[in-house]
Amino acid sequence: MLAAVYHGKNDVRLERLPIPKISAREILVRVGFCGVCPTDLKKIHSGTLEGSRVFGHETAGTIVKVGSAVTQFIPGDRVALHHHVPCLKCHACKHKCFAQCPVYKKTGITAGFEPSGGGFAEYVRVKEFVLPGVVKIPERNFLLEGTMLEPVNTVLKGVHKLGLLPGDRVLVVGQGPIGLLFTALCRILGFLPTVTDLLDERLRLAKTFGAQGAFNPAIQGVEEIMKKTKGAFDAVVLAVPSNTAVAEYWPFLRGGGKFLLFAHTLRGVECPIDLGSVCVDEKDLVGSYSSDFQLQSRVARLVFSRKLDVRPLLKNLFPLTRIQEALDLASNPSPKSLKIIIEMEEPPRLS
Ligand SMILES: [Zn+2]
Ligand SMILES: [Zn+2]
């Protein structure tokens, strides 16, 4: 089978690999589509992980083989995959910190080598401990929509951490695919999102996703945006890994509000914060990382009912043979590019 194999920093090569073998308690999935996640890019660009690996974890595909002891799936089932599943028993899980669970930290899907997601290949082997993360895709939906379950889950988990009430005002900084999902989910849940982005194209799209106000800080300047919005947001979501944005948007938060870091996935980054505003004003700095297993079925209902319609995000498809181009575009988004998807199958028409 064809696979995009990572060998080290900025070194991803198309290679032929054997189709993975499965054991009695595993399944084999033919990948239909796999989204490119910013964390894939981070791993490829930083080179901190040793090769060889096949990345890609926002995977949707069709089951082609089930182990003899697997009863809940049959070949032909169309499924979306989650590469991490928590144990639900450990100390971290009891505190609902699933991303800190030692079992969750293991990756259970592979196209070969050290399990790393494997979605940038034609077939993946899904291990037993992540089978609870395999979600069937209803017949009426496109396989492609299944690629969004994992990213939408991470966003819904982040929104939950904000403890908002209906009618609360949220400022979402950055309207890439993740920022747009924050905007859409906030609106669906009854909050009032205002957004910023450096690309006007994305601000226009954000309005169709439910943004009440949309500002370009490169044109209006942050001070002007503060004046126009009057600040005092119940929450600020930072969907871009920018440290200057932390300092710039911290004052937009009301006392008692929450400031969510969603894209700061690199360690060793420091940033000054007025600690008095944390203690006296009770502003909270909150982090959220990866998905929440307990939200899985709710996310599937949101996406597959199209109450949260992800189709407008899914326009940039690349065949696996053009993965380098896809990674380059995901790393340097153009005004029109959104979620970047690797396709192994003919793309559906999404209108
Ligand atoms: Zn991801
Ligand atoms: Zn656990």
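Student: How far apart do the C-alpha centres of domain 1 and domain 2 lie?
Tutor: They lie 28 Å apart. Domain 1 covers 2–152 + 292–343 and domain 2 covers 162–287, with bounds from an automatic or database domain assignment. Bear in mind that this is a predicted model, where local features need pLDDT of at least 70, side-chain atom pairs count only at pLDDT 80 or more, and totals for chains, interfaces and linings use all residues. Residues are numbered from 1 along each chain as its sequence is written, while chains are lettered from A and ligands numbered from 1 in the order in which they are written.

Student: How many residues does the contact take from domain 1 and from domain 2?
Tutor: It takes 13 residues from domain 1 and 13 residues from domain 2. Here, contact means that the C-beta atoms, placed from the backbone, lie within 7 Å.

Student: Which element gives the largest share of the domain 1 side?
Tutor: That's α1, with three residues. Both α1 (38–46) and α3 (149–160) supply at least two residues there. Helices are DSSP runs of H or I, at least four residues, and strands are runs of E, at least two, numbered from the N terminus.

Student: And what's the chemistry of that side?
Tutor: Eight nonpolar, one polar and four charged residues. Nonpolar means Ala, Val, Leu, Ile, Met, Phe, Trp, Tyr, Cys and Pro; charged means Asp, Glu, Lys and Arg; the others, Gly among them, are polar.

Student: Switching to the sheet: what's the strand order in the open one with six strands?
Tutor: β11-β10-β9-β12-β13-β14, with parallel pairing. Two strands pair if DSSP finds at least two bridges between them. For instance, β12 and β13 (residues 253–261) are joined by five bridges, and Val 237 stands opposite Leu 260 in β13.

Student: Why is one side of β11 and of β14 left without a neighbour in the sheet?
Tutor: Because β11 (213–215) and β14 (284–287) stand at the edges, each with a single partner strand.

Student: Which helix packs on that sheet, touching β9, β10 and β12?
Tutor: α4 does, and its direction makes about 160 degrees with that of β10. Those axes are lines fitted to C-alpha atoms, for helices over the stretch in contact, with angles from 0 to 180 degrees between N-to-C directions.

Student: Is α4 mostly covered or mostly open?
Tutor: Mostly covered, since ten of its twelve residues are buried, including Ile 178, Leu 181 and Phe 182. Buried means 20 or more other C-beta atoms within 10 Å of the residue's own, exposed means 12 or fewer, and partly exposed is in between, with C-beta atoms placed from the backbone. The buried residues of α4 pack against α3, β9 (169–173), β10 (192–196), α5 (200–208) and β12 (233–238).

Student: What comes after α4 with a positive phi?
Tutor: Gly 190, with phi near 95 degrees.

Student: Where does Arg 298 sit?
Tutor: In helix α10 (residues 296–304). Arg 298 has 13 other C-beta atoms within 10 Å, so it counts as partly exposed. Arg 298 is 145 residues from Asn 153 in sequence, yet their C-alpha atoms are 8.8 Å apart in space.

Student: Which residues of α10 are buried?
Tutor: Val 299, Ala 300, Leu 302, Val 303 and Phe 304. What covers them includes β8 (135–136) and α3.

Notes: Contact = placed C-beta atoms within 7 Å.
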